[in-house]
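Here's a quick tour of one chain, with an eye on what holds its parts together and where its charges sit. Have the model open as you read.

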Amino acid sequence: MKQILALLCMLAWFSHSAAAQKTNAKTKSRPAAAVGVVAGKTIYARNCLTCHQADGGGVDGMNPPLTNTTYVLGDKTRLVKVILNGLQDEDIDGEPYNNVMPAFDILTDQEIADVLTFVRSNFGNKASEVTAAEVKTIRATNRK
């Protein structure tokens with residue numbers, strides 16, 4: 001009986017060890033963009049969710065949606081500058097929004113890239129990733 005129990009314990013240990021290695025291999029082989037999306041989701045939850053909502057739908061007349069707008073799906077430079085400089089008194093796709101978006105220039109280039117990659121690839125959006133190198137270039141030439 002002790003031998004059977006010992007054998008079962010060894011099998012459980014080996015299967016747990018193999019599963020852990022498989023999980024680590026999946027994590028390590030994940031593309032950089034996928035890692036950025038995971039990080040971006042956390043940054044979104046911390047900085048953007050209150051105004052733009054969990055579904056990216058915004059609040060009518062107050063905070064614009066992040067779903068299928070030219071700001072999100074279009075020019076990356078304009079979108080990065082919105083994060084760096086904030087936004088106010090500007091219509092989004094012909095709709096006025098009254099809340100002021102503060103500047104989030106305290107975020108690192110990587111954090112901005114991650115959150116924008118998250119937004120551009122979620123909420124029904126299908127746009128390319130934003131890289132930290134792109135953000136760095138835009139930040140260096142940023143004029144409000």
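Among contacts between residues at least 6 apart in sequence, 58% join residues at least 24 apart. Keep in mind that this is a predicted model. The chain has seven helices and zero strands, so to speak an α-α-α-α-α-α-α read along the sequence. Of its 144 residues, 29% are buried. The accessible surface comes to about 9300 Å², and carbon and sulfur atoms account for 60% of that.

**Salt bridges**

How many salt bridges does a search of the whole structure find? The count is three, and here they are.

| Acidic residue | Basic residue | Closest N and O atoms |
|---|---|---|
| E111 | R46 | 3.9 Å |
| E134 | K76 | 3.1 Å |
| D109 | R139 | 2.7 Å |

Take the salt bridge of E111 with R46. That pair links distant parts of the chain, with E111 in helix 6 and R46 in helix 2 (residues 32-47), 65 residues apart. E111 is partly exposed at a relative accessible area of 24%, whereas R46 counts as exposed at 52%.

Next comes the salt bridge between E134 and K76. Here too distant parts of the chain are linked: E134 belongs to helix 7, K76 to helix 5, and their positions lie 58 residues apart in sequence. E134 has a relative accessible area of 29%, so it is partly exposed.

Then there's D109, which forms a salt bridge with R139. D109 sits in helix 6 and R139 in helix 7, so this pair ties together parts that are 30 residues apart in sequence. D109 is buried because its relative accessible area, 18%, is under the 20% cut-off. R139, at 28% relative accessibility, counts as partly exposed.

**An acid without a partner**

Which residue in helix 6 is buried yet has no salt bridge? That's D114, which lies in helix 6. The nearest side chain of opposite charge to D114 is R46, 8.8 Å away. Why doesn't that count as a salt bridge? A salt bridge needs a side-chain nitrogen of Lys or Arg within 4 Å of a carboxyl oxygen of Asp or Glu, and D114 has no such bridge. Leaving aside residues up to four places away in sequence, D114 touches G36, A39, G40 and I43. R46, for its part, is the residue that pairs with E111.

**Helix 5 and its contacts**

Two lysines are worth a look here. K76 is in helix 5, and its C-alpha atom is separated by 9.3 Å from that of I138, 62 residues along the chain. Not counting residues up to four places away in sequence, K76 touches R120, S128, E129, V130, E134 and I138. E134 on that list is the salt-bridge partner of K76.

K81 also lies in helix 5 (residues 76-85). With 27% relative accessibility, K81 counts as partly exposed. Its C-alpha atom and that of V135 are separated by 9.0 Å, although the two residues are 54 apart along the chain. Outside the four places on either side in sequence, K81 touches G86, I138, N142 and R143. I138 therefore turns up in the contacts of K81 and in those of K76, by the definition of heavy atoms within 4.5 Å.

**A negative patch**

Over on the surface, D60, D89, E90, D91, D93 and E95 gather in a patch of negative charge. One of them, D91, is placed in the loop between helix 5 and helix 6 (109-120). At 44% relative accessibility, D91 counts as partly exposed.

**Two positive phi values**

Most residues other than glycine have a negative phi. Which way do N68 and F123 go on phi, positive or negative? N68 has a positive value, near 50 degrees, and F123 has a positive one too, near 60 degrees. N68 is found in the loop between helix 3 (49-52) and helix 4 (70-73), while F123 is in the loop between helix 6 and helix 7 (132-140). As for accessibility, N68 counts as exposed at 53%, but F123 counts as buried at 18%.

Notes. Residues numbered from 1 in each chain as written. Predicted model: local features only at pLDDT ≥ 70, side-chain atom pairs only at ≥ 80, totals over all residues. Heavy atoms only, no water. Helix = DSSP H or I, 4+ residues; strand = E, 2+ residues; numbered from the N terminus. Buried < 20%, exposed > 50% of the residue type's maximum accessible area, 1.4 Å probe, protein only. Areas by Shrake-Rupley, 256 points an atom, 1.4 Å probe, with all protein chains shown as cover. Patch = residues over 30% accessible without salt bridge, like charges linked within 9 Å, V, L, I, M, F, W, Y side chains within 5 Å. Lys, Arg positive; Asp, Glu negative; His and termini not counted. Charge placed at Lys NZ, Arg CZ, Asp CG, Glu CD.
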